[in-house]
Amino acid sequence: MNAPNKSGWKPEMQVSDDGFHGGPATVTGNRGLMLEEPLLFEIGRADVTGVDLPAVDTSAPTRLGGLAREQAIGLVGLTEPETVRHYTRLSRQNYGIDLGFFPLGSCTMKHNPRLNEKMARLPGFADIHPLAPQNAVQGALEVIHQLGQWLCTLTGMPAVAMSPKAGAHGELCGILAIRAAHEARGDAREVVLVPESAHGTNPATAAFAGYRVEDIPATPEGRVDVAALKARLGPDVAGVMITNPNTCGLFEKDFREIADAVHAAGGYVYCDGANFNAIVGKVRPGDLGVDAMHINLHKTFSTPHGGGGPGSGPVVLSEALAPFAPLPFVRKDDAGGFYLVEEENREERGPSFGRMTAFHGQMGMFTRALTYILSHGADGLKQVAEDAVLNANYILRSMEDILHAPFGASGPCMHEALFGDKDFTNGLSTLDVAKGLIDEGYHPMTVYFPLVVHGAMLVEPTETESKAAIDQFIAAFRGVVERALEGDEALKQAPYYSPRRRLDETAAARKPKLAYEG
Amino acid sequence: MRYLPLTDTDRQAMLAKIGAASIDDLFVDVPEVARLDGPIHGLPMHASEMAVERHMKALAAKNLVAGEVPFFLGAGAYRHHVPASVDTIIQRGEFLTAYTPYQPEIAQGTLQMLFEFQTQVARLYGCAVANASLYDGSTACWEAVAMATRVTKRKRAVLSGALHPHYAQVVKTMAHFTGDEIADALPAITAEPDLDGLIARIDEETACVVVQYPDILGRISDLTPVAEAAHAKGALLIVVNTEPVALGAIRSPGEMGADIVVGEGQSLGVGLQFGGPYLGLFAVRDPKHVRQMPGRLCGETVDAEGKRGFVLTLSTREQHIRREKATSNICTNSGLCALAFTVHMTLLGERGLRELAAENHRLACLAADRLARVPGVEVLNNAFFNEFTLMLGGKPARAIIRDLADRGVLGGVSLGRLYPGVEALEHALLVAVTETTTEEDIERLAQELEASIKETV
């Protein structure tokens, strides 16, 4: 094991008056490879461009209807070398999976295979127009169709809607299908039940679709309170939104029973598939009574997170909801060709609830996800789920002797291990541990989520970490946790070694400065 | 398996630490009925890079690549030249493999980039504040309508007939479920948009008027009277832009009084990609509306040492804090596409964007003049930027487009595809021209169009 410091290690701070550590201040503010970078608007010039274009012939006649721009836009430009350097220097202030372990629970920060990037950039995928005649884009339609079929295979569901643009958009798709299905049978229902441990997107989505949201409590062992849920079912309840595996990192073992009860009461079951990576190739949600489930291609199938997107959120649908799937969708014809069903295909579109986005979904993510599935295959995907779950349990059992694991006694966890901050002393909190981990060279885990655990720390290692990397993380995590248990005052000021120290978020919100002024 | 670092020895050691006899012991909570014994049926087994690459290349080869033929498609997605350095930057692992900057101390790269992005978008749109992106132009359009209903506490949106029909459909899909009322219309096939008709549809119940600029037929007109009419009735003006390059040549929506400006940012940096991922842009002219905006916002602040830094801010609007009371359910947005946009925009700068816009317009004028000389063809627009509408003298545009594709020319988007079943629009063709179009491409389109029209009944 290659642990950087043994458990209990404390940093010895050498902070000079101007905040620099272990050495004198520099003229530039840089510290060796840690480089400061001004804002674009402080270094760019209005008359500089990094693109060579024909000079503007201002005397040429235009047909702009008298609306030619008179005011300056206020943009600035850089030449190519300056641009590359500016953004390269900015990139070095970021933490990414390529740099180190990124156990952000629920977000699934696994390695992004570079073959996926290469395939998405093939001109046959990257340089085709969404409204090109369909006879000119048969390969693209085949990608959508093939990926959709395999998502159905992996989930045991009969149908899929491919157009949703991200997980929350997929949730919206599923919830709209549920509303449409109820409307089609003249059954107006107003309430969607959401467990209190749910992602914030669940209640936000249900509300966005016009539903009233009611919370369902969790049991002390970290699962949905089935009795409470059943008691609330009735003719006003349109459905439930349940994450499985749930945000406490546990499999909802009573899912089938819940689904049967919801169906018996005339409702539908939405499964938040954000954590599908824990069970892909091992468990088919279709066997558990799911009516709709989104799949975050950027989680389970490792399309890059890109600093906050783009995602992709195809939704698998049950027989009951399939007819209401959004437009457009891809079908295969008798001759082996592929075609889009859009607004005009009146018979085939059936009772579709309509269009959710301008075009056909996140094609660039589809090619990456398809590449990922082809690379892993049925055997590799099963191994993905097993290794992700193994790594999480290993962390859970390697930490629970010193760190409160509220559901550690509930049995094995799935792909993520959940901890709480109840034993920390001297006012230290989860936030301090997270910032301490930054100094150790890690991206912190998800913090303060799920809401059902005080000071939650949700650790998701994923399957793409070696045992050595996980052991090193455990050593570092234990070290920081021990400092929190001992009440180490220095932790309250962490991080010390990142490009920035703690940022004043209160000031940012009080007087928002959201664009460069000057 | 090349992506999985654990060895069997590792796995055994880890199971021992956990106290589990086998991996299946970790899946005991999964009901028997849902557990699969072996690898799932219906999928191939794992494959080498080489084999996967072969498979994907075979699929890619079945598509007609835009860059390899004369290409004139637009209607909300435009083919522009993306400088090589854009892709180099967005493939840096520190950007590509980062996530939403929840830990700002180690995400200043993404955050500063977003602050630059927000500034560029706000200035391009003539607005005060832009957000850190949404999924695409069409979803941004609905978010704008939803925001207008919150701001005005009214439930009726008036859509211009010349709004992209897919955008209008997205708005109508959502409004059906939220109970908002959408008044839409078909575009009138006229040389100038019917702004008086639009203004006449605004009343005291109207939350917002939604106008596209340039519109779906490529027309451009001064929207100041629409803004004034909307404001007089207490409604907001939402302007939708699907071609940001246009704003290098024509007045910004903010200058004309738009309250919310949304659009598609795909033209800069992102590429065609068969429709996604794209880049939703969203901005407001008046800072007082900031707290009703959807999506993430990046703001400037200082760190504990007083150094300037950036954070996600005003999060109390968002789903992870406000849950069902959030302004939107959006979480993941289009971060990497925003980076591509910003790098491309930085390379262009004020001067480059204006030159790029001028070149687009010059070539579009050239194409309009040449195509107008094709027998049976008329240019509808009085004014346009880089896209205009051709009337094909009663010939069916969809059939002609398919025929042109068979002749190796991607000739445009037929209005019949966008407005299926509307007879009045079946004979119109949208033609987009960008800096990637050559004069030879234009000549080729003119000749093939002439031949196709002659042969099409």
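What follows is a conversation between a biologist and a modeller about a predicted model.

Biologist: Why is A:Ile258 called buried?

Modeller: A residue counts as buried if 20 or more other C-beta atoms lie within 10 Å of its own, and A:Ile258, with 24 C-beta neighbours inside 10 Å, therefore counts as buried. A:Ile258 is found in helix H9 (residues 255-264) of chain A, and, leaving aside residues up to four places away in sequence, A:Ile258 touches A:Val224, A:Val226, A:Leu229, A:Val240 and A:Ile242. One of these, A:Val226, is 32 residues from A:Ile258 in sequence and 6.7 Å away in space, taken C-alpha to C-alpha.

Biologist: What makes A:Thr88 partly exposed?

Modeller: The class in between is meant for residues that are neither buried, at 20 or more, nor exposed, at 12 or fewer, and because A:Thr88 has 17 other C-beta atoms within 10 Å, A:Thr88 is partly exposed. A:Thr88 has its place in helix H2 (residues 80-91) of chain A; its C-alpha atom is separated by 32 Å from that of A:Ile295, 207 residues apart along the chain.

Biologist: Why are H5(A) and H11(A) called oblique to each other?

Modeller: The axes of helix H5 (residues 138-155) of chain A and H11(A) cross at roughly 55 degrees and come within 10 Å. Angles under 35 degrees count as roughly parallel and those from 65 to 115 as roughly perpendicular, and roughly 55 degrees falls in neither range, so the two helices are oblique to each other. The crossing in which H5(A) passes H11(A) is left-handed. On the H5(A) side the contact is made by A:Ala140, A:Val143, A:Ile144, A:Gln146, A:Leu147 and A:Trp150, and on the H11(A) side by A:Met363, A:Phe366, A:Thr367, A:Ala369, A:Leu370 and A:Ile373. Sorted by class, this contact of H5(A) with H11(A) has 10 nonpolar, 2 polar and no charged residues.

Biologist: And what makes H12(A) oblique to H13(A)?

Modeller: Helix H12 (residues 430-439) of chain A and helix H13 (residues 467-486) of chain A pack at an angle of about 140 degrees, their axes being 9 Å apart. To count as roughly antiparallel the angle would have to be over 145, while the roughly perpendicular range is 65 to 115; about 140 degrees fits neither, and therefore H12(A) is oblique to H13(A). The crossing of H12(A) and H13(A) is right-handed. H12(A) brings A:Asp432, A:Val433, A:Gly436 and A:Leu437 to the contact, and H13(A) brings A:Ala476, A:Phe477, A:Val480, A:Val481, A:Arg483 and A:Ala484. The residues of the contact of H12(A) with H13(A) divide into 7 nonpolar, 1 polar and 2 charged.

Biologist: How do you know that B:Ala75 and B:Arg323 are buried?

Modeller: The cut-off is again 20 or more other C-beta atoms within 10 Å; B:Ala75 has 25 such neighbours and so counts as buried, and B:Arg323, with 23 other C-beta atoms within 10 Å, is buried too. B:Ala75, in the loop between helix H2 (49-60) and helix H3 (84-90) of chain B, has a positive phi of about 55 degrees although it is not a glycine. B:Arg323, in the loop between helix H10 (319-322) and H11 of chain B, has a positive phi of about 50 degrees, and B:Arg323 is not a glycine either.

Biologist: Which residues touch the most other members of the largest nonpolar core?

Modeller: Of the 327 residues in that core, they are A:Ala177, A:Leu317, B:Val209 and B:Ile238. Helix H11 (residues 363-399) of chain A gives the most to this core, with 20 residues. Not counting residues up to four places away in sequence, A:Leu317 touches A:Met157, A:Ala159, A:Val160, A:Ala161, A:Ala177, A:Ala292, A:Ala322 and A:Ala325.

Biologist: How many residues of chain B are in contact with chain A?

Modeller: There are 171 residues of chain B in contact with 178 residues of chain A. Helix H11 (residues 335-372) of chain B supplies the largest share of the side of chain B that touches chain A, 22 residues. By class, that side of chain B has 85 nonpolar, 52 polar and 34 charged residues.

How values were computed. Residues are numbered from 1 along each chain as its sequence is written. Chains are lettered from A and ligands numbered from 1 in the order in which they are written. This is a predicted model: local features need pLDDT of at least 70, side-chain atom pairs count only at pLDDT 80 or more; totals for chains, interfaces and linings use all residues. Axes are lines fitted to C-alpha atoms, for helices over the stretch in contact, and angles run from 0 to 180 degrees between N-to-C directions. Helices (H or I, at least four residues) and strands (E, at least two) are DSSP runs, numbered from the N terminus. A crossing is left-handed if the near helix is turned anticlockwise from the far one by less than a right angle, and right-handed if clockwise. Two residues are in contact if their C-beta atoms, placed from the backbone, lie within 7 Å. Ala, Val, Leu, Ile, Met, Phe, Trp, Tyr, Cys and Pro count as nonpolar, Asp, Glu, Lys and Arg as charged, and the others, Gly among them, as polar. A nonpolar core is a set of buried Ala, Val, Leu, Ile, Met, Phe, Trp, Tyr and Cys residues joined through C-beta atoms within 7 Å.
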